[in-house]
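Biologist: Before using this model at the bench, I should like to know how its descriptive terms are justified. Please set each value against its definition.

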Amino acid sequence: MTGLDHDRVWARHDPLTGAVLIVGAGAVGGFLADELARIGFSPLVLVDPERLAVENLVRHPLGAPCLDQPKAPALAARISRDFPLCRAAGLQADFTLIPRDEQRALVAAADVVVAATDSADCQRLVNLVALEVGRPAVFPGVWVDPRIRDAEVGEILWVDPDRPTPCYQCAAAFRRGAADTQAARGARVDIQLVALATAQVVTALAHPESDRAGILDPERTAIYLHGLTPTSPGVQATFPLPGLSSRPVRVPYPSRPCIACRRSHVLDLDRADDLPAVSPGKLAAGIALVTLTLAVVILLTAAFVHA
């Protein structure tokens, strides 16, 4: 019993509902959970093995009173307290160590799954379980490269097994292994921008009948997001204008069947008629007559990380 008038709470916009599993309650996952609660999503289940550390304070939604507390349960408790119309639960656990039947149950209970960890093994496992269970998944992160500012560029990969689309493992082949995750740097304001955009993608996947789903192009399932900052030379070919912008980019299927989704560009007959096959590691953006040579270089050399 919340004691809040439902109609008054949603007087400014109608709730968009659904259940979401967020694996990784760090900066991106934490702010994402906050936003999804106020969009209307419930329940939210957060999974993360870590405790809040001092170095997390400058960009995590939790503050000093929660130091040394498990991130996922502490964040779920705060969401439930601050916005009690959302049922939030937190599990302090490493998703990779949870028994497989429990992994599947967690994913199956969600309408959309988000993997926002800094572990490549965990990201791949979430991708695999989501494919097995048949749930759409979203993989947000930021680029790390010495030629660009910290968290200057975010990337949101979305996977929908019903369409179908290339999966996270396909994207890993696309980057030829250069996308190992690591702890990302970047200010809170930059991380929040990625979380806000991820919330829009989650909403679109959960409500495919809504006009919000128009942001999703099934032929271009990676969204590159540039923050409201000057553009570094290393990404000017991708983002020629300074400031806030986004670009949907095609992620090609690998040349051989993907070990997770079992698809390849040879088997992808639906896309073969109107799109040329693109070998792994090459970037084919969704805007005609634009050469993204520098973007290709970054994709092959930059570490794509999950905050």
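The exchange below takes up helix packing, backbone geometry and enclosed spaces in turn.

Biologist: What kind of model is this, and how are its residues numbered?

Modeller: This is a predicted model, in which local features need pLDDT of at least 70 and side-chain atom pairs count only at pLDDT 80 or more, while totals for chains, interfaces and linings use all residues. Residues are numbered from 1 along each chain as its sequence is written, and side-chain values use heavy atoms, with hydrogens and water left out.

Biologist: Why are H2 and H7 called oblique to each other?

Modeller: Two packed helices are described by the angle between their axes and the distance between the axes. Helices here are DSSP runs of H or I with at least four residues, strands are runs of E with at least two, and both are numbered from the N terminus. Axes are lines fitted to C-alpha atoms, for helices over the stretch in contact, and angles run from 0 to 180 degrees between N-to-C directions. Angles under 35 degrees count as roughly parallel, over 145 as roughly antiparallel, 65 to 115 as roughly perpendicular and the rest as oblique. The axes of H2 (residues 27-39) and H7 cross at roughly 50 degrees and come within 8 Å; H2 and H7 are therefore oblique.

Biologist: Which residues of H2 and H7 make the contact?

Modeller: Contact means heavy atoms within 4.5 Å. On H2 the contact is made by Ala27, Val28, Phe31, Leu32, Glu35, Leu36 and Ile39, and on H7 the residues include Arg188, Ile191, Ala195 and Val202. For the classes, Ala, Val, Leu, Ile, Met, Phe, Trp, Tyr, Cys and Pro count as nonpolar, Asp, Glu, Lys and Arg as charged, and the others, Gly among them, as polar. By that scheme, the contact of H2 with H7 has 11 nonpolar, three polar and two charged residues.

Biologist: What makes H2 and H3 roughly parallel?

Modeller: H2 and H3 pack at an angle of about 25 degrees, with their axes 11 Å apart. H2 and H3 are therefore roughly parallel to each other. Gly30, Ala33, Asp34, Ala37 and Arg38 of H2 meet Leu75, Arg78, Ile79 and Asp82 of H3, and this contact divides into four nonpolar, one polar and four charged residues.

Biologist: Why is H4 described as roughly perpendicular to H5?

Modeller: Helix H4 (residues 100-108) packs against helix H5 (residues 120-133) at an angle of about 70 degrees, with the axes 9 Å apart. That angle makes H4 roughly perpendicular to H5. The contact involves Arg100, Gln103, Arg104, Val107 and Ala108 of H4, and residues of H5 including Leu125, Leu128 and Val133. Its classes are seven nonpolar, one polar and three charged.

Biologist: Which peptide bonds are cis, and what is notable about phi of Asp68?

Modeller: A cis peptide bond joins Ser42 and Pro43, with omega about 5 degrees; Pro43 lies in the loop between H2 and strand S2 (44-47). The bond from Arg163 to Pro164 is also cis, with omega near -15 degrees, and Pro164 is in the loop between strand S6 (153-159) and helix H6 (168-174). Phi of Asp68 is near 70 degrees, a positive value in a residue other than glycine. Asp68 is in the loop between S2 and helix H3 (71-82).

Biologist: How do you know that a space is a cavity and not a pocket?

Modeller: On a 1 Å grid over the protein atoms alone, a cavity is a set of points where a 1.4 Å probe fits but cannot get out, whereas a pocket is an open set with protein on both sides within 12 Å along at least five of seven lines; lining residues have an atom within 4 Å of a point. Grid points are joined across faces, edges and corners, and a volume is the space filled by probe spheres set on the points. By this rule there are two cavities of 30 Å³ or more.

Biologist: What is the volume of the second largest cavity, and which element gives the largest share of its lining?

Modeller: The second largest cavity has a volume of about 40 Å³. H7 gives the largest share of its lining, three residues, and the lining divides into four nonpolar, three polar and two charged residues.

Biologist: What is known of the second largest pocket?

Modeller: The second largest pocket has a volume of about 240 Å³. Its lining comprises 16 residues, of which Ala197, Ile215, Ile223, Leu225 and Ser246 lie nearest its centre. H7 supplies the largest share of this lining, four residues.
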